[in-house]
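Here's a quick briefing to read with the model open beside you. Keep the viewer handy and click along as the residues come up.

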Amino acid sequence: MSDFNLLSKNILFEIMSKIKGNIQFGSLDEVLQQIDRTILQNLKNCIHIAFNSNLCTKMIVDSHLMLAQYCLEELNFKENSEDNQKCMLFIESVLKAMKYGSKKASELFPIILQFENLSDCSLKETFISENQNVPEFMFLQWINQILGCLDSPLIDVVSPLLIRLCQVYPKAIQLPLKIFMEKNVYNYERSETFLKAKLVPLISDINLDMFVKAISNVCCPFTQLLEYMNDVQESLKTNNLVMIKLAFENVFKNCFITEENQQFKGKEFKTLDIFIDSLKSIFEEFQSSTSNLNNVCIALTEIKKQVDTHKNEYCSRKMSTHLINYCPWLAQYSNHNIDSIEIPGQYSGTKKPNIDNHITIASFKPNVQVICSMRNPIKITMVGNNGKKYSFLIKFGEDLRQDQRIQQIHEVINDALSNSAYCCDRQLSLLTYLVFPLSKKLGMIEWINNTVTLKDFICESFPGGKEFGMKQLHSKMVEHYRWLSEKSDSSNKLAVYVQATINNNSMVTVAKFKQLIQSIPEDILRKSLLNLCHCAEMYISLRSKFITSFSVLSICHWLLGIGDRHLSNTIVSTKTGFCIGIDFNFAFHTATSIQVIPELIPFRMSPHIVSLMTPLNLTGFIRETMVHTLKTLIDNREMLLSVMQVFINDPSADWAKIAKTLTLRIDSDFNSKEIQWFPKQKILSGKDKMNGINPIEILCRELEISCISNDYKKALLNILKSDSQNNTYKRSELQKCNITHNQQIDCLLDIATDHQILCLAYSGLQLWV
C-alpha cells in the first residue's frame, strides 16, 4: 500500500529533478507534455502494482478508474476527443474495470460511444477485444445508446457486442430494438440489412408482439385516434405518397374495431365509429388522381377538432374501469397459456439477471383506474407467476424514452449522493422508478403506491374538502389569466403574456401576486402534512422528509434544466412525506429556450412551500440541504457532465421535438417555427452550473436563443437582471463567474421566489400556491 501511495508524489519529484539537473525545456508546452507523460506513466504503474501485488479487486478497479478519470478530464479540458492515445487508455481502463463489475465504470461506458474516432482501426480493435471480457449484463442499461450507433459509422464497432447481447439476453433487447426499428429511413443501408438478417431472428417473439398490441389499447380511444391522425398530418408534410398512404392505413387498422383486431379492442372503441366515414372520405380524396394535399390537410384538421370535442365530452363522464372494455385479450390473458412475457424491470444492468427465476405475467386484474390528466393514462395491475401484484401506468401518446433517460441520470446522481458522508447521514436521495417504453408513442411507468400529486395533497386540506379546493385553484388560475389579459386586446394566449410582461410595472405585478397568495390559506401545506400524522413526532419527521427531498429534487432539476413543474408534476408519499418528480417533457432548458412563454424559475419554490419552513423560511434547513447537495454533485462533475452529454447528444432522444409538441397546446402557430437543438450550448450550460457561473448569466443565454419576439425577450431579460421587489437579496450585484456554492443557492432561491417572475409565468403552473 505504501508503494501505491508513493506513486502520487513521483510526478512532482521527476519534474523537480529535471529542473535541478539543469535540463532545459523548450517551451511551456514541453513542460506540460512532460507532466502529462509522467502522470500517465505513474497511473499505469498503479495498475501494474495493484494487479501484480495481489491487492484486492477494489484496488485494481480504483487504479483503472484513476487512469480513466484522468484521460477523461484531459479530453474534456482540451475539448478534443480525437487524442487516440488517451481515448485508447480510457477505453481499456473503463472496460477492464467493468470486467470486475465496477458500477462507476459502467456509468462511464457510454462516453466511449461518443468518441468520433472510435471507428479508427486501433480503437475499434481495442473496444472489441476488451468488451469480450465484460459480463454482458453490464451493457444492458446502455442498450439504447449502443443501438443508436448501428445507423452510423460505428456499426462494425458495436455489431459483435449486439449479437452477443441478443444471444445471452434476448428479452432485454426485444423492445429497445423494436423501437429503434420504427424509424422509416436509415442513413446506412448496411444498418437495415444487419438488423433484419442478424438481430431480428435472435429476438423475434410473436407473443410479445401481441402483448404490445394489446397494451396499446389500454387508453382513451380518442387519444389514440388523435395520435394516429397526427401521424397522417406529419406524413402530409413530407409529400411522400407512400408514407401518407401508410399513415392513413394505420388509422383504420389501429383505431377502429375490425374482424382482425376485435379480440384486442374493447367496446370503448365503438365510440370512434362516428368518424370512420369522414376519414374514409378524406382517404378516398387523397387517392383520387385530382387530389390536393392541402385540401386533405384542411379536412383532417376539421375532423381533429371534432374528435377533440368528443374527447372532452367522453372524459367528462366517468370512463370505464373494466379492463375488458379496453382490451378483451388482456382481460382473458390467463386463458392464452402464455408464460414467456416477463414483468418489466428485471434487466437493470446493475446486477446479473437470474433468468431462470424471472417473474412472468400470469394474469391481469379485471379493474383499472383512469387518471384525470391531459392524456388520461390508465393504471393496470399484473399478477406475476409468484402470486404478487405489479401495478403500472399505461401512457399512450408520449415517447417515454426521455423520462427513461432522466431516471438513468437520477440513478447516477444517487450514486454520487450515497458517497457523500453528509448526504448519506441525512438520507438525501432521489426516488427513482421504472420507465418502460414499448414504442415511440406507448409505454409503462411503475406505479408508486401511497402517493398523491402535490395538487391533490394540498386540495385535500381546504376547508370545503378536495373538490372545493380544486374549484378554488381553478378560479384563481382564471382570475390570474384575466388580470394578465387586461393589457392585451388579443385573445391569443402568447400575445396576452407578451403584453402583460412589457406593460405591467413591477409594483403592480407584485401587488397582484400577493393578492393571489392571500386567497389561499397560508398554512395549507402544513395542514396537509398534519392530516397524515398521529402525533407531533410524526409531523416533525414528515415535514423534515418533505423539505429535504424537495430540496434535493429542486437542485437536481436545476442542474438538468427540467421545467414545467406544475402541481401535478410532483407526487408526495403519504407514508413518508417524500417528494418525487414525474413527467420530464421539458429538460435541458427547453422550457426556457423553446416554450413560447419562457420559464425563468430554476425550480418551484412557491410561497406556501416556503411558509412550511416557518420561522426560518429559506435561511434554514432547505438552504443547507441545497448547498450540500450542490457541493456533492459538483464534486462529481466529470461523471455527471459526461452522462448528461451522452443523453444530450443521443439521436434517439429528440428533446426539442417533445418540447415543441407540448408548446403547441399554448400557441398553435408555433408549428411553423423552425426549432434548432444546440447540444454544445446545453452541455456548456451544465458545465457552467458546475463551474460557478452566475445562474442569471446561464438563464439569459438560454433566453437569447429562444424564438420569442425581441420586445418580449428584452422585457424578460430586464426582469432577470433587476433586483426582486419582495426579497432583500441583490442579485444584480453578484459577479458573473467564480461564485461560491452558497452564492449560487442564494441567487437561485431569489429567482425562484421573485413575485414579479412568478406572476408573469404561465398561469397553468399556479405558482402562487
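Helix α28 buries E638, M639, L640, L641, S642, V643, M644, V646, F647 and I648, where buried means under 20% relative accessible area, exposed means over 50%, and partly exposed is in between (1.4 Å probe, protein chains only). That is ten of its twelve residues, so α28 is largely enclosed by the rest of the structure. Keep in mind that this is a predicted model: local features need pLDDT of at least 70, side-chain atom pairs count only at pLDDT 80 or more, and totals for chains, interfaces and linings use all residues. Numbering starts from 1 along each chain as its sequence is written, and side-chain values use heavy atoms, with hydrogens and water left out.

**Two helices, checked for length**

- Helix α28 takes in residues 637–648, and at 1.5 Å a residue its twelve residues should span 16 Å; the end C-alpha atoms are 16 Å apart, which agrees. The expected span here is 1.5 Å times one less than the number of residues.
- Helices and strands are DSSP runs numbered from the N terminus (H or I, at least four residues, for helices; E, at least two, for strands).
- Helix α32 (residues 710–721) passes the same kind of check: twelve residues should give 16 Å, and its end C-alpha atoms are 16 Å apart.
- The buried residues in α32 are Y712, K713, A715, L716, L717, I719 and L720.
- An α-helix has 3.6 residues a turn, so residues three or four places apart point the same way.
- The cover over the buried residues of α32 includes α21 (493–503), α31 (695–704), α33 (741–752) and α34 (755–759). Contact, here and below, means heavy atoms within 4.5 Å.

**The loop after α32**

- D723 sits in the loop between α32 and α33.
- With 23% relative accessibility, D723 counts as partly exposed.
- Leaving out residues up to four places away in sequence, D723 touches Y729, K730, R731 and S732.
- From D723 to E733 is ten residues in sequence and 8.8 Å in space, C-alpha to C-alpha.

**I361 in a strand**

- I361 belongs to strand β1, which covers residues 361–364.
- I361 is buried, at a relative accessible area of just 1%.
- Not counting neighbours within four places in sequence, I361 is in contact with F211, Y333, I338, I341, E342, I343, M382 and V383.
- C423 is 62 residues from I361 along the chain, and their C-alpha atoms are separated by 38 Å.

**Q262 in a loop**

- Look for Q262 in the loop between α13 (241–255) and α14 (276–287).
- Q262 is partly exposed, with a relative accessible area of 48%.
- Once residues up to four places away in sequence are set aside, Q262 touches I257 and P328.
- The C-alpha atoms of Q262 and D231 are separated by 23 Å, with those positions 31 residues apart along the chain.

**Backbone oddities**

- Most residues other than glycine have a negative phi, and most peptide bonds are trans.
- D583 has a positive phi, near 55°, although it is not glycine. D583 lies in the loop between β9 (579–581) and α25 (590–593).
- F588 also has a positive phi near 55° and is not glycine. The loop between β9 and α25 is where F588 sits.
- F588 counts as buried, at 3% relative accessibility.
- T614 and P615 are joined by a cis peptide bond, with omega about 10°. P615 is in the loop between α26 (607–611) and α27 (621–635).

**The whole chain**

- The chain contains 34 helices and nine strands.
- A compact globule of 769 residues would have a radius of gyration near 27 Å, and the chain has 28 Å, which agrees. That radius is taken over C-alpha atoms, and the globule rule is 2.2 Å times the number of residues to the power 0.38.
- Along its principal axes, the C-alpha trace spans about 90 × 65 × 60 Å.
- Buried residues make up 54% of the 769.
- Among contacts with a separation of 6 or more, 72% come from residues 24 or more positions apart.
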